[in-house]
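Student: Please take a close look at the aromatic rings of this protein and what surrounds them. I would like one connected account, with the cut-offs stated as you go.

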Amino acid sequence: MSQAHHPNRRQALKFLGTPMLLPISGVGTSIGLSACGGGDAASITFTSASFAAMAAPSLADPAAMAKTAVASSLDVMLSDGSKQSFKLAYQPFFMTGDLVPDGKGGTLLAGGYVDIKNQPIIDTSVAGKSRQFFSDSPDGTSLLSVPNPTVAGIKGKAVFAVVQFEYTTWAQDGKTDMYGKLPSPIAVLTLDQDQTTGKLTLVKYHNVDTSAAHGLWITCGSSLSPWGTHLSSEEYEPDAFTIASNTMFKAFSKNTFGDETKANPYHYGHMPEVTVNPDGTGTLKKHYCLGRISHELIEVMPDNRTALMGDDATNGGLFMFVADKEKDLSSGSLYVARFGAGFSIDPAAAGAAVTWIKMGSASSAEIEALANTLKPTDIMDVQTADPKDASYTKINFSGKVQWVKVKPGMEKAAAFLESHRYAALVGGTMAFSKMEGTTVNAKDKIAYSALQNMQSSMVRNNAAWNEAYGVTLEKAVNAGGVLAHTLSGGQKDTAGTAINSEWVVTRTKMLLVGEDIAADALGNLANPDKIGAPDNLKFSEKLRTLFIGEDSGYHVNNFVWAYNVDTKVLSRLVSMPSGAEATGLGVVDDLNGWTYITSNFQHPGDWSASLHSKVQATLDPLVRANFKDRFGAAVGYLTGEATGMKLDKL
């Protein structure tokens with residue numbers, strides 16, 4: 001019987017995968033075929049892929065609602081017209097709170113917190129049960145390789161993952177709120193990649209030393225730079241003008257430095273970068289020249305210089321940084337977007353034209369030096385009541401109205417250390433609520449940004465809304481949406497100066513919109529068959545697919561979705577444990593010939609009375625049993641099951 005339409009066994013294993021691999025190795029490459037008699041009679045190629053959606057889990061199967069559930073599949077179309085379908089599965093590297101190998105014969109606590117001297121921070125909230133704090137909220141993850149790795153114990157090939165831990169929700173007493181009170185850890189994982197199956201096995205866990213960067217503050221989403229480094233984030237920059245009354249920041253300072261007054265707010269709200277070393281360690285530097293905003297997840301364009309940045313804030317904006325040199329974010333120019341007329345949540349609308357205001361140019365070193373020496377009152381005068389003085393400018397800041405004035409000669413300090421206020425002062429469109437992850441479709445020159453929610457500053461007559469911004473909804477869309485940005489070259493800023501980039505946003509329209517609903521039988525407040533509060537975004541060029549992870553207070557279970565930009569089909573891939581946020585989304589089209597999608601989750605069983613009242617009693621004991629009494633959360637990746645293979649036919 002002819003075998004002309006079946007890959008040979010070894011190639012099938014690599015293309016189709018095994019239980020530990022996402023089964024799309026060789027995407028876009030030729031797949032040799034073995035004909036009857038052993039001759040090489042034909043060749044077929046990958047043409048496209050799509051995902052078959054899973055249904056949202058329900059209380060008919062409460063176990064599925066209380067775990068990372070995957071019931072989706074990947075359909076691969078080949079050039080001979082055939083289709084092969086493979087079930088997907090989830091494989092964790094570890095759960096936070098596990099003891100994992102340190103590469104030296106010992107172990108480390110996964111997600112464990114350390115202070116500025118790299119000593120464990122101890123949770124003493126339960127008498128007689130002191131233990132090192134560990135995170136329940138792993139977030140941004142980058143999967144990558146480096147030349148000439150030197151880690152011992154690798155049997156296949158060494159690949160690496162950088163994983164950051166945003167926060168921990170509670171102390172072990174379950175009562176002491178720990179959000180933002182601990183310095184965020186960041187780790188390099190050395191993974192052994194099996195060259196036959198693609199399986200990734202953890203062999204070394206290394207805590208990155210963050211002391212030179214003053215520690216890290218609430219590291220949220222991340223991206224992989226085109227040059228192979230991990231671009232981190234510091235979310236919700238602490239307001240320097242009200243820092244004296246910020247008890248959370250005082251606790252952060254105490255836990256980090258041993259002194260609640262030592263931490264400097266101007267050292268936080270920036271963009272850290274991690275370079276992985278061949279020995280499985282990591283080197284971190286913090287870039288102070290990309291604006292001090294609510295960094296969530298930036299995307300560097302294929303020119304290796306232009307970074308588009310979301311801003312996870314109320315009265316947030318769209319920001320852009322153009323580096324002076326390729327593959328070097330240590331100096332450059334910062335811009336804020338100004339939106340013209342036409343903003344609409346209707347995906348069929350033309351959208352709004354976008355222009356750019358230059359805020360300033362600087363190096364990271366000079367802004368860090370300013371941060372080291374300046375107090376907020378050295379930079380700006382900020383009033384919360386109208387001073388009746390025309391030298392002040394009325395702005396919207398974090399949901400409230402303020403009046404601000406830059407001190408003489410302090411424009412650069414204001415631009416890079418008080419970026420939200422300065423962007424509003426110079427005329428940026430500071431209208432958005434929680435603009436989160438950003439990614440790029442390079443082939444079509446379209447970038448995407450997630451709006452977790454479209455509320456408050458975007459809604460007419462809200463206290464945070466400003467009609468002059470031109471971004472107005474008549475009613476909030478709590479379920480959020482995804483924006484699509486057209487990217488162009490040959491642009492000038494509003495002062496008429498050329499912008500040195502071919503990847504500048506010139507028009508923004510809506511791509512996908514969630515749908516708010518009255519509570520359904522499970523308690524969902526957003527349509528579970530549409531996106532709800534999108535957060536992480538990643539685009540796969542080879543799959544032509546936008547992956548979307550949710551952080552929703554409107555879906556009982558948060559999901560990871562795949563949206564094919566050609567077919568316009570939205571497919572649910574993964575359901576996270578109820579009460580957990582989908583985080584750590586990453587896509588690597590080709591890592592030593594294999595393709596991976598990373599995915600983590602945060603704070604399982606973080607119950608909300610308004611959302612989970614119909615499921616909590618049933619699911620809480622299951623979630624507690626699965627995830628260390630709700631203190632643990634998984635770091636891992638999507639894989640492919642081999643059950644769809646018919647090797648007996650080969």
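Tutor: The charged end of arginine 572 sits over the ring of phenylalanine 559, at 4.5 Å from its centre, where sitting over a ring requires NZ of Lys or CZ of Arg within 6 Å of the ring centre and within 35 degrees of the ring normal. The model is a predicted one, in which local features need pLDDT of at least 70 and side-chain atom pairs count only at pLDDT 80 or more, while totals for chains, interfaces and linings use all residues. Residues are numbered from 1 along each chain as its sequence is written, and side-chain values use heavy atoms, with hydrogens and water left out. By the same charge-over-ring rule, arginine 421 lies over the face of phenylalanine 397, 3.8 Å from the ring centre.

Rings may also meet one another: those of Phe, Tyr and Trp (its six-membered ring) pair if their centres lie within 6.5 Å, and planes under 30 degrees apart count as stacked, over 60 as edge-to-face and the rest as tilted. The count by this rule is 16 aromatic pairs. One of them joins phenylalanine 339 and phenylalanine 432, whose ring centres are 5.1 Å apart with planes at 65°, so this pair is edge-to-face. Because phenylalanine 339 lies in strand E21 and phenylalanine 432 in strand E26 (residues 432-441), the pair ties together parts that are 93 residues apart in sequence; strands here are DSSP runs of E, at least two residues long, numbered from the N terminus. Phenylalanine 339, at 6% relative accessibility, counts as buried, and phenylalanine 432 counts as buried at 0%, the term meaning under 20% relative accessible area, with over 50% exposed and the range in between partly exposed (1.4 Å probe, protein chains only).

Phenylalanine 559, the ring beneath arginine 572, has a ring partner too: its centre and that of tryptophan 561 are 5.7 Å apart and the planes stand at 85°, so the pair is edge-to-face. Phenylalanine 559 counts as buried at 2% relative accessibility, and tryptophan 561 counts as buried at 2%. Elsewhere, ring pairs link Trp217, Phe249, Phe252 and Tyr268 into a cluster.

Strands E21 and E26 can be placed in their wider setting, since they belong to an open sheet of 10 strands in the order E17-E18-E20-E21-E22-E29-E28-E27-E26-E19, with antiparallel pairing, where two strands pair if DSSP finds at least two bridges between them.

Conventions:
Helix = DSSP H or I, 4+ residues; strand = E, 2+ residues; numbered from the N terminus.
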